[in-house]
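Colleague: I would like a close look at one part of this predicted model, with enough of its surroundings to place it.

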Amino acid sequence: MDPNKRPDDMIRITTAELAEKFIEEQVAAVREQVGDNNVLLALSGGVDSSVVAALLIKAIGKQLVCVHVNHGLMRKGESEQVVEVFRNQLDANLIYIDAEDRFLDKLAGVADPEKKRKIIGEEFVRVFEEESNKLEGKFFLGQGTIYPDIIESDGVKAHHNVGGLPEDMKFIGLVEPVRLLYKDEVRVVGSALGLPDDMVYRQPFPGPGLGVRCLGAITKDRLAAVRESDAILREEFDIAGLTPHVWQFFTSIPDFRSTGVKDGKRAFDWPVIIRAVNTVDAMTATVPEIDWAVLKKITDRILKEVPGVCRVLYDLSPKPSATIEWE
(Lines give C-alpha, C1' and ligand atoms only; values in the text may rest on other atoms or scores of the structure.)
Protein backbone atom coordinates (compact mmCIF):
# COMPACT_ATOMS: atom_id res chain seq x y z
CA MET A 1 0.00 0.00 0.00
CA ASP A 2 1.27 3.48 -0.91
CA PRO A 3 2.08 5.25 2.41
CA ASN A 4 1.31 8.59 0.76
CA LYS A 5 -2.14 7.48 -0.44
CA ARG A 6 -5.15 7.60 1.82
CA PRO A 7 -6.98 4.23 1.51
CA ASP A 8 -10.28 4.49 -0.34
CA ASP A 9 -12.04 2.61 2.45
CA MET A 10 -10.62 4.75 5.26
CA ILE A 11 -13.52 5.98 7.39
CA ARG A 12 -13.64 9.75 7.90
CA ILE A 13 -13.11 10.71 11.54
CA THR A 14 -16.24 12.67 12.44
CA THR A 15 -17.05 11.50 15.98
CA ALA A 16 -15.28 11.18 19.31
CA GLU A 17 -15.62 7.39 19.13
CA LEU A 18 -13.82 7.22 15.77
CA ALA A 19 -11.19 9.64 17.06
CA GLU A 20 -10.56 7.48 20.14
CA LYS A 21 -10.03 4.44 17.92
CA PHE A 22 -7.62 6.39 15.71
CA ILE A 23 -5.71 7.62 18.78
CA GLU A 24 -5.43 4.08 20.15
CA GLU A 25 -4.07 2.81 16.83
CA GLN A 26 -1.59 5.65 16.46
CA VAL A 27 -0.35 5.39 20.06
CA ALA A 28 0.48 1.73 19.43
CA ALA A 29 2.09 2.53 16.06
CA VAL A 30 4.23 5.34 17.50
CA ARG A 31 5.41 3.20 20.41
CA GLU A 32 6.42 0.44 18.01
CA GLN A 33 8.20 2.85 15.67
CA VAL A 34 10.02 4.90 18.29
CA GLY A 35 10.94 2.19 20.79
CA ASP A 36 13.41 3.52 23.35
CA ASN A 37 14.42 6.47 21.18
CA ASN A 38 13.19 10.04 21.44
CA VAL A 39 11.15 12.35 19.21
CA LEU A 40 12.00 15.96 18.52
CA LEU A 41 8.80 17.76 17.48
CA ALA A 42 8.50 21.02 15.59
CA LEU A 43 5.83 22.71 17.70
CA SER A 44 4.52 25.83 15.99
CA GLY A 45 1.44 25.98 18.22
CA GLY A 46 -0.85 25.52 15.23
CA VAL A 47 -3.60 22.92 15.12
CA ASP A 48 -1.60 20.16 13.43
CA SER A 49 1.56 20.33 15.54
CA SER A 50 -0.44 20.80 18.75
CA VAL A 51 -2.52 17.69 18.08
CA VAL A 52 0.59 15.72 17.21
CA ALA A 53 2.25 16.93 20.43
CA ALA A 54 -0.72 15.81 22.53
CA LEU A 55 -0.84 12.44 20.76
CA LEU A 56 2.90 11.86 21.19
CA ILE A 57 2.76 12.84 24.86
CA LYS A 58 0.07 10.19 25.28
CA ALA A 59 2.18 7.65 23.41
CA ILE A 60 5.72 8.22 24.67
CA GLY A 61 5.56 10.84 27.44
CA LYS A 62 8.96 12.30 28.33
CA GLN A 63 10.57 10.78 25.26
CA LEU A 64 9.05 13.74 23.40
CA VAL A 65 10.97 17.01 23.23
CA CYS A 66 9.01 19.91 21.73
CA VAL A 67 10.91 22.70 20.02
CA HIS A 68 9.35 26.04 19.19
CA VAL A 69 11.42 28.05 16.73
CA ASN A 70 10.69 31.75 16.43
CA HIS A 71 11.87 32.25 12.87
CA GLY A 72 10.75 35.87 12.78
CA LEU A 73 7.83 34.92 10.55
CA MET A 74 5.21 34.43 13.28
CA ARG A 75 2.04 36.46 13.74
CA LYS A 76 2.00 39.25 16.31
CA GLY A 77 2.39 37.89 19.84
CA GLU A 78 2.26 34.29 18.64
CA SER A 79 5.54 32.93 19.97
CA GLU A 80 4.82 34.40 23.38
CA GLN A 81 1.42 32.70 23.35
CA VAL A 82 2.89 29.33 22.34
CA VAL A 83 5.35 29.42 25.24
CA GLU A 84 2.62 30.41 27.71
CA VAL A 85 0.16 27.71 26.61
CA PHE A 86 2.55 24.79 26.26
CA ARG A 87 4.93 25.43 29.14
CA ASN A 88 2.55 26.78 31.76
CA GLN A 89 -0.77 25.16 30.85
CA LEU A 90 0.18 21.85 29.24
CA ASP A 91 3.48 21.32 31.08
CA ALA A 92 5.23 20.29 27.86
CA ASN A 93 8.95 19.69 27.64
CA LEU A 94 9.48 22.77 25.46
CA ILE A 95 12.65 24.34 24.10
CA TYR A 96 12.26 27.91 22.78
CA ILE A 97 14.70 29.14 20.14
CA ASP A 98 14.91 32.73 18.88
CA ALA A 99 16.25 32.29 15.34
CA GLU A 100 14.78 35.37 13.64
CA ASP A 101 18.07 36.81 12.38
CA ARG A 102 19.26 33.40 11.22
CA PHE A 103 16.19 32.78 9.05
CA LEU A 104 15.91 36.30 7.65
CA ASP A 105 19.59 36.29 6.70
CA LYS A 106 19.07 33.04 4.76
CA LEU A 107 15.96 34.45 3.04
CA ALA A 108 17.46 37.80 2.09
CA GLY A 109 16.81 38.57 -1.58
CA VAL A 110 15.00 35.27 -2.27
CA ALA A 111 11.76 35.90 -4.21
CA ASP A 112 10.85 32.47 -5.59
CA PRO A 113 8.20 30.85 -3.35
CA GLU A 114 9.62 27.35 -3.75
CA LYS A 115 13.12 28.51 -2.84
CA LYS A 116 11.72 30.26 0.23
CA ARG A 117 9.93 27.08 1.29
CA LYS A 118 13.06 24.99 0.75
CA ILE A 119 15.22 27.41 2.74
CA ILE A 120 12.75 27.56 5.62
CA GLY A 121 12.30 23.77 5.64
CA GLU A 122 16.03 23.09 5.55
CA GLU A 123 16.80 25.67 8.23
CA PHE A 124 14.13 24.19 10.48
CA VAL A 125 15.73 20.77 10.19
CA ARG A 126 19.19 22.19 10.82
CA VAL A 127 17.93 23.84 14.00
CA PHE A 128 16.41 20.57 15.14
CA GLU A 129 19.61 18.71 14.34
CA GLU A 130 21.56 21.17 16.46
CA GLU A 131 19.14 20.75 19.35
CA SER A 132 19.20 16.95 19.07
CA ASN A 133 23.00 17.01 19.22
CA LYS A 134 22.74 18.73 22.61
CA LEU A 135 20.50 15.97 23.95
CA GLU A 136 21.34 12.38 24.86
CA GLY A 137 19.88 9.53 22.84
CA LYS A 138 18.71 9.12 19.26
CA PHE A 139 15.89 11.20 17.82
CA PHE A 140 13.12 10.87 15.30
CA LEU A 141 11.72 14.06 13.80
CA GLY A 142 8.03 14.59 14.61
CA GLN A 143 5.90 16.54 12.15
CA GLY A 144 2.33 17.75 11.80
CA THR A 145 2.01 16.72 8.15
CA ILE A 146 -1.63 16.28 7.06
CA TYR A 147 -3.09 14.83 3.88
CA PRO A 148 -3.62 18.10 1.92
CA ASP A 149 0.12 18.78 2.40
CA ILE A 150 0.92 15.53 0.61
CA ILE A 151 -1.60 16.10 -2.19
CA GLU A 152 -0.48 19.66 -2.91
CA SER A 153 3.18 18.65 -2.88
CA ASP A 154 2.65 16.18 -5.73
CA GLY A 155 4.19 18.23 -8.52
CA VAL A 156 2.57 21.48 -7.40
CA LYS A 157 4.45 23.04 -4.51
CA ALA A 158 6.71 21.94 -1.69
CA HIS A 159 5.45 22.00 1.85
CA HIS A 160 7.84 22.47 4.77
CA ASN A 161 6.49 19.15 6.04
CA VAL A 162 6.87 17.32 2.73
CA GLY A 163 9.01 18.50 -0.19
CA GLY A 164 10.88 21.10 1.85
CA LEU A 165 13.01 18.58 3.75
CA PRO A 166 16.66 18.12 2.75
CA GLU A 167 17.78 14.72 1.55
CA ASP A 168 20.65 14.51 4.05
CA MET A 169 18.42 14.78 7.10
CA LYS A 170 20.32 13.55 10.17
CA PHE A 171 17.38 12.14 12.18
CA ILE A 172 16.53 8.43 12.44
CA GLY A 173 13.29 8.96 10.57
CA LEU A 174 9.96 10.78 10.56
CA VAL A 175 7.01 10.40 12.93
CA GLU A 176 3.85 11.75 11.27
CA PRO A 177 0.80 10.28 13.01
CA VAL A 178 -1.84 12.49 11.32
CA ARG A 179 -0.42 12.45 7.78
CA LEU A 180 -3.50 10.78 6.27
CA LEU A 181 -6.05 13.06 7.97
CA TYR A 182 -7.83 16.13 6.66
CA LYS A 183 -7.89 19.29 8.77
CA ASP A 184 -11.43 18.72 10.08
CA GLU A 185 -10.43 15.22 11.22
CA VAL A 186 -7.35 16.56 13.00
CA ARG A 187 -9.61 18.89 14.99
CA VAL A 188 -11.87 16.00 16.08
CA VAL A 189 -8.79 14.07 17.23
CA GLY A 190 -7.52 17.15 19.11
CA SER A 191 -10.79 17.46 21.01
CA ALA A 192 -10.71 13.77 21.87
CA LEU A 193 -7.18 14.25 23.24
CA GLY A 194 -8.49 16.94 25.59
CA LEU A 195 -6.88 19.99 24.00
CA PRO A 196 -8.68 23.29 24.71
CA ASP A 197 -11.11 24.54 22.07
CA ASP A 198 -9.16 27.74 21.41
CA MET A 199 -6.23 25.56 20.35
CA VAL A 200 -8.17 22.89 18.45
CA TYR A 201 -10.10 25.46 16.44
CA ARG A 202 -7.22 27.83 15.96
CA GLN A 203 -6.79 28.99 12.40
CA PRO A 204 -4.32 27.01 10.30
CA PHE A 205 -1.01 28.78 9.86
CA PRO A 206 1.57 27.68 7.26
CA GLY A 207 4.90 26.37 8.51
CA PRO A 208 6.78 29.06 6.53
CA GLY A 209 4.58 31.54 8.40
CA LEU A 210 4.42 35.10 7.19
CA GLY A 211 7.23 34.20 4.79
CA VAL A 212 4.57 33.09 2.27
CA ARG A 213 2.41 36.12 3.00
CA CYS A 214 5.22 38.62 2.51
CA LEU A 215 5.08 37.87 -1.21
CA GLY A 216 8.33 37.86 -3.15
CA ALA A 217 11.64 38.74 -1.49
CA ILE A 218 11.13 39.30 2.24
CA THR A 219 12.09 42.62 3.78
CA LYS A 220 11.79 43.53 7.46
CA ASP A 221 9.63 46.61 6.84
CA ARG A 222 7.15 44.75 4.62
CA LEU A 223 7.16 41.78 7.00
CA ALA A 224 6.27 44.18 9.82
CA ALA A 225 3.44 45.60 7.70
CA VAL A 226 2.05 42.10 7.08
CA ARG A 227 2.20 41.35 10.81
CA GLU A 228 0.47 44.58 11.84
CA SER A 229 -2.24 44.42 9.16
CA ASP A 230 -2.94 40.79 10.08
CA ALA A 231 -3.29 41.74 13.75
CA ILE A 232 -5.81 44.47 12.85
CA LEU A 233 -7.80 42.04 10.68
CA ARG A 234 -7.95 39.45 13.47
CA GLU A 235 -8.93 42.05 16.07
CA GLU A 236 -11.75 43.45 13.96
CA PHE A 237 -13.07 39.98 13.03
CA ASP A 238 -13.17 39.20 16.76
CA ILE A 239 -15.09 42.41 17.49
CA ALA A 240 -17.56 41.72 14.67
CA GLY A 241 -18.12 38.13 15.87
CA LEU A 242 -16.82 36.68 12.60
CA THR A 243 -13.93 34.62 13.93
CA PRO A 244 -15.94 31.46 14.73
CA HIS A 245 -17.68 31.62 11.35
CA VAL A 246 -14.72 32.11 8.99
CA TRP A 247 -12.32 29.18 8.63
CA GLN A 248 -9.22 31.22 7.83
CA PHE A 249 -8.40 34.87 7.26
CA PHE A 250 -5.15 36.78 6.90
CA THR A 251 -3.35 39.52 4.99
CA SER A 252 -0.61 39.38 2.37
CA ILE A 253 1.53 42.12 0.87
CA PRO A 254 3.06 41.73 -2.63
CA ASP A 255 6.53 42.90 -3.54
CA PHE A 256 5.43 45.91 -5.56
CA ARG A 257 4.15 49.37 -4.82
CA SER A 258 1.23 51.38 -6.16
CA THR A 259 0.50 55.09 -6.42
CA GLY A 260 -1.42 56.69 -3.57
CA VAL A 261 -2.03 60.00 -1.83
CA LYS A 262 -1.12 60.69 1.81
CA ASP A 263 -1.34 64.01 3.61
CA GLY A 264 -2.04 65.74 0.32
CA LYS A 265 1.11 64.35 -1.28
CA ARG A 266 1.81 61.60 -3.79
CA ALA A 267 2.80 58.32 -2.17
CA PHE A 268 4.22 55.12 -3.60
CA ASP A 269 3.35 52.38 -1.11
CA TRP A 270 2.24 48.73 -0.84
CA PRO A 271 -1.23 47.25 -1.24
CA VAL A 272 -2.54 44.94 1.49
CA ILE A 273 -4.59 41.94 0.32
CA ILE A 274 -7.22 40.53 2.69
CA ARG A 275 -7.91 36.81 2.23
CA ALA A 276 -10.84 35.05 3.96
CA VAL A 277 -12.14 31.56 3.14
CA ASN A 278 -14.53 28.91 4.39
CA THR A 279 -13.81 25.22 3.88
CA VAL A 280 -14.22 21.79 5.44
CA ASP A 281 -11.16 19.88 4.28
CA ALA A 282 -8.95 22.63 2.73
CA MET A 283 -9.27 20.97 -0.69
CA THR A 284 -11.96 23.42 -1.84
CA ALA A 285 -12.83 26.81 -0.39
CA THR A 286 -15.41 29.57 -0.79
CA VAL A 287 -15.13 33.28 -0.03
CA PRO A 288 -17.53 34.64 2.61
CA GLU A 289 -19.52 37.83 2.07
CA ILE A 290 -18.20 40.18 4.74
CA ASP A 291 -20.37 43.10 5.80
CA TRP A 292 -19.27 46.27 4.03
CA ALA A 293 -19.05 48.25 7.29
CA VAL A 294 -16.62 45.69 8.72
CA LEU A 295 -14.41 45.76 5.62
CA LYS A 296 -14.45 49.55 5.61
CA LYS A 297 -13.41 49.73 9.28
CA ILE A 298 -10.57 47.26 8.67
CA THR A 299 -9.47 49.24 5.62
CA ASP A 300 -9.51 52.53 7.51
CA ARG A 301 -7.46 51.11 10.37
CA ILE A 302 -4.85 49.49 8.12
CA LEU A 303 -4.40 52.67 6.08
CA LYS A 304 -4.05 54.79 9.23
CA GLU A 305 -2.03 52.44 11.44
CA VAL A 306 0.27 50.45 9.14
CA PRO A 307 3.23 52.38 7.69
CA GLY A 308 3.97 52.05 3.98
CA VAL A 309 0.48 51.02 2.87
CA CYS A 310 -1.84 52.93 0.52
CA ARG A 311 -4.40 50.35 -0.67
CA VAL A 312 -6.46 47.50 0.80
CA LEU A 313 -7.93 44.77 -1.43
CA TYR A 314 -10.32 41.86 -0.74
CA ASP A 315 -9.52 38.61 -2.57
CA LEU A 316 -12.73 37.10 -4.03
CA SER A 317 -11.11 33.99 -5.58
CA PRO A 318 -12.43 30.55 -4.55
CA LYS A 319 -10.37 27.34 -4.40
CA PRO A 320 -10.13 26.12 -7.11
CA SER A 321 -8.86 27.88 -9.14
CA ALA A 322 -6.88 29.80 -6.50
CA THR A 323 -5.20 28.16 -3.54
CA ILE A 324 -5.89 29.49 -0.03
CA GLU A 325 -2.41 30.95 0.38
CA TRP A 326 -0.96 33.22 -2.31
CA GLU A 327 2.39 31.42 -2.36
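How many residues line the largest pocket, and which of them lie nearest its centre?

Modeller: In this predicted model, the largest pocket is lined by 29 residues, and those that lie nearest its centre are Asp198, Tyr201, Arg202, Gln203 and Thr243. The elements that give two or more residues to this lining are α3 (78-89), α7, α8 (197-200) and α9 (220-239), and among them α3 gives the most, with five residues. Sorted by class, the lining of the largest pocket holds 11 nonpolar, seven polar and 11 charged residues, and the space that lies in this pocket comes to about 760 Å³.

One of the elements just named, α7, also leads to another part of the model, since helix α7 (residues 183-192) packs with helix α1 (residues 16-34) at an angle of about 85°, the two axes being 9 Å apart. An angle between 65 and 115 degrees counts as roughly perpendicular, and α1 is therefore roughly perpendicular to α7. On the α1 side, the residues that take part are Ala16, Ala19, Glu20, Phe22 and Ile23, and these meet Val188, Val189 and Ala192 in α7. By class, this contact of α1 with α7 has seven nonpolar residues, no polar residues and one charged residue.

From α1 one can go on to the second largest pocket, where α1 gives the most to the lining, with eight residues. Both α1 and β5 (174-175) supply at least two residues each to that lining, which is made up of 20 residues, with Phe22, Glu25, Gln26, Pro177 and Leu180 nearest the centre of the pocket. Phe22 thus appears here as well as in the contact of α1 with α7. The lining of the second largest pocket divides into 14 nonpolar, two polar and four charged residues, and about 570 Å³ of space lies in this pocket.

As for the protein that holds these parts, there are 10 helices and nine strands. The radius of gyration is 20 Å, close to the 20 Å that the globule rule gives for 327 residues, so the protein is as compact as a globular protein of that length. Taken along the principal axes, the C-alpha atoms of the protein fill a box of roughly 70 × 40 × 40 Å.

How values were computed
Residues are numbered from 1 along each chain as its sequence is written. This is a predicted model: local features need pLDDT of at least 70, side-chain atom pairs count only at pLDDT 80 or more; totals for chains, interfaces and linings use all residues. Side-chain values use heavy atoms; hydrogens and water are left out. Axes are lines fitted to C-alpha atoms, for helices over the stretch in contact, and angles run from 0 to 180 degrees between N-to-C directions. Helices (H or I, at least four residues) and strands (E, at least two) are DSSP runs, numbered from the N terminus. Angles under 35 degrees count as roughly parallel, over 145 as roughly antiparallel, 65 to 115 as roughly perpendicular and the rest as oblique. Contact means heavy atoms within 4.5 Å. Ala, Val, Leu, Ile, Met, Phe, Trp, Tyr, Cys and Pro count as nonpolar, Asp, Glu, Lys and Arg as charged, and the others, Gly among them, as polar. On a 1 Å grid over the protein atoms alone, a cavity is a set of points where a 1.4 Å probe fits but cannot get out, and a pocket is an open set with protein on both sides within 12 Å along at least five of seven lines; lining residues have an atom within 4 Å of a point. Grid points are joined across faces, edges and corners, and a volume is the space filled by probe spheres set on the points. The radius of gyration is taken over C-alpha atoms; the globule rule is 2.2 Å times the number of residues to the power 0.38.
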